[in-house]
Amino acid sequence: ATPSPIDPQNIQGDILSGLPKKTETYIFFQISDDVSAFRSQLTHLVPLVTSTAQVLKDRDAIANHKQSKKPGLVEISGLNIAFSQSGLTKMGLTDDVQDAGFKAGMLADAQALGDAGTTANSKFDPNWVPAFKNPVHGVIFLSGDCHATVSKRVRQVEQIFKVGAHDATIHEVLRIVGDVRPDKESGHEHFGFLDGISNPSVQGFDSAPPPGAPAQVQPGVILLGRDGDSVPVGSRPSWTLDGSFLAFRYLFQLVPEFNEFLEKNPVQLPGLTPKEGSEFLGARLVGRWKSGAPLDLAPLKDDPALGADSQRNNSFNYTADSTDFTSQTRCPFAAHVRKTNPRNDLKQAFGADVAKNRIIRRGVQFGPELTELEKKEKKTQNGRGLLFVSYQSTLANGFQFLQKSWANQETFLGRAGVTKPGLDPIIGQSNTDPTLREMVGSDPDHPTNQLKFPQEWVVPRGGEYFFSPSIPALRDTIAE
Ligand code: HEM
């Protein structure tokens, strides 16, 4: 049985609540050879680590500030830390956390994830930034209401680990700054779609989750050592309790190229202008309109009020479509949100439950808005995209499964009538057969027509699997 109820004081704040942020800085680091100095300095970082309880308070402060209609934002910052297997090993923490993907690291997984790289005859070499091709021991990420707030926090961290001095105990290998997009695009990813709508709510933590489907997941789907963890409770090292595996992906988005594809391939339905047909195609690829309104509830026309309404915008199950197994009239089987969370589809078809395959997503955008030149030439000149973060208790059920077994598989969600829905148009990829990037179902009037994608619009350039320990584990086991 699980030891005790979930205590929000013990769990790092990003996992269950999400650190509130307008901006977020990720510092990827290696630990110096003076491991004992690092572990002793870590005792000074632990009090700065933001707990879930703190995030709940911060969210209240933000809500009160909004209500007061005072100008500006409340000054809020957050800090979390996570370690890779190579980082734990470097510190001498060699107990078996029982997750094969974590232990091997993401670089070893890049080929299986479908990332591009040399394949024919030579060793696979993913097209990643150099920092992620070398061991990354850990990541400290700092969030805040503005860059100045985060910079103050970054300086504190640098002081603790003597960054810049000859006896520094961490060496920064990469720093990435993510920023929420400006104004009306706030909350929207770079292709323009509202993101961060659908995350599972967690039993024993989320007391009043918005209506969504399926119902809540057991805490062990996200937190190690809790009921619902695929590794029997009690069999992982005790210090892993209430930690979570953090999958980080450095995903570049080719926005002008994506937009050009939509422009050139509008869905042609009676009464739709080419522009509307292009917007409709975008919605068919994602499974939601840019406003966030799900196709399953708004199949033909965007409904911005629905998109913005958290009481309604996640309350659907694909039941309207799946009563007729050959129909993808409302939402294509290959659409990004259907591929990555098929809700009731598998239950209806095979009685299978997808609860164990849910992940909590906490990403942030990076890179500038499109320039006029990029719009005109329809070609990306500046790096931009998503700093993808997901939490799960078992990588093989979570991120790895969603990417490899769902998004990248042309047959996934296939059924009589449509045996090959195709790849997830947003993140589905193949490094062995680029021609696999196609789908059926983009045009509701011609549901078996194939649509070929000329290129990938999401390009992975690195990442790592980390473990985000509980605060007691940081304090009592990792710091010393
Ligand atoms: C949902 C975009 C990468 C898994 C969404 C949504 C958007 C989106 C617009 C709908 C909003 C919502 O339901 O919260 C993107 C973009 C990506 C990306 C632009 C890359 C740059 C990924 C990756 C995964 C993933 C790598 C996992 C392998 C999910 C899941 C959902 C989702 C699980 C929620 C589906 C649901 O519950 O209905 N994404 N995503 N996404 N995405 Fe992604």
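## Strand E7, an enclosed strand

In this predicted model, local features need pLDDT of at least 70, side-chain atom pairs count only at pLDDT 80 or more, and totals for chains, interfaces and linings use all residues. Residues are numbered from 1 along each chain as its sequence is written.

Let's start with strand E7 (244-253). Of its 10 residues, 10 are buried, so E7 is largely enclosed by the rest of the structure. Here, buried stands for 20 or more other C-beta atoms within 10 Å of a residue's own, with C-beta atoms placed from the backbone. Strands (E, at least two residues) and helices (H or I, at least four) are DSSP runs, numbered from the N terminus.

Both faces of E7 are covered. Ser244, Leu246, Phe248, Tyr250 and Phe252 lie on one side, while Phe245, Ala247, Arg249, Leu251 and Gln253 lie on the other.

## The partners of E7

Two strands pair if DSSP finds at least two bridges between them. E7 runs antiparallel to strand E13 (residues 458-468), joined by 9 bridges, and Phe245 stands opposite Phe467 in E13. E7 also pairs with E10 in the antiparallel sense, over 8 bridges; there, Phe248 has Val389 as its bridge partner.

## Around the ligand

Which residues are closest to the ligand? They are Phe193, Ile197, Ser198, Thr340 and Asn341, out of 28 that surround the ligand (C-beta atom, placed from the backbone, within 6 Å of it).

E7 is one of the elements that each supply at least two residues of this shell, but the largest share, 4 residues, comes from H15.

Technical notes. A residue is buried if 20 or more other C-beta atoms lie within 10 Å of its own, exposed if 12 or fewer, and partly exposed in between; C-beta atoms are placed from the backbone.
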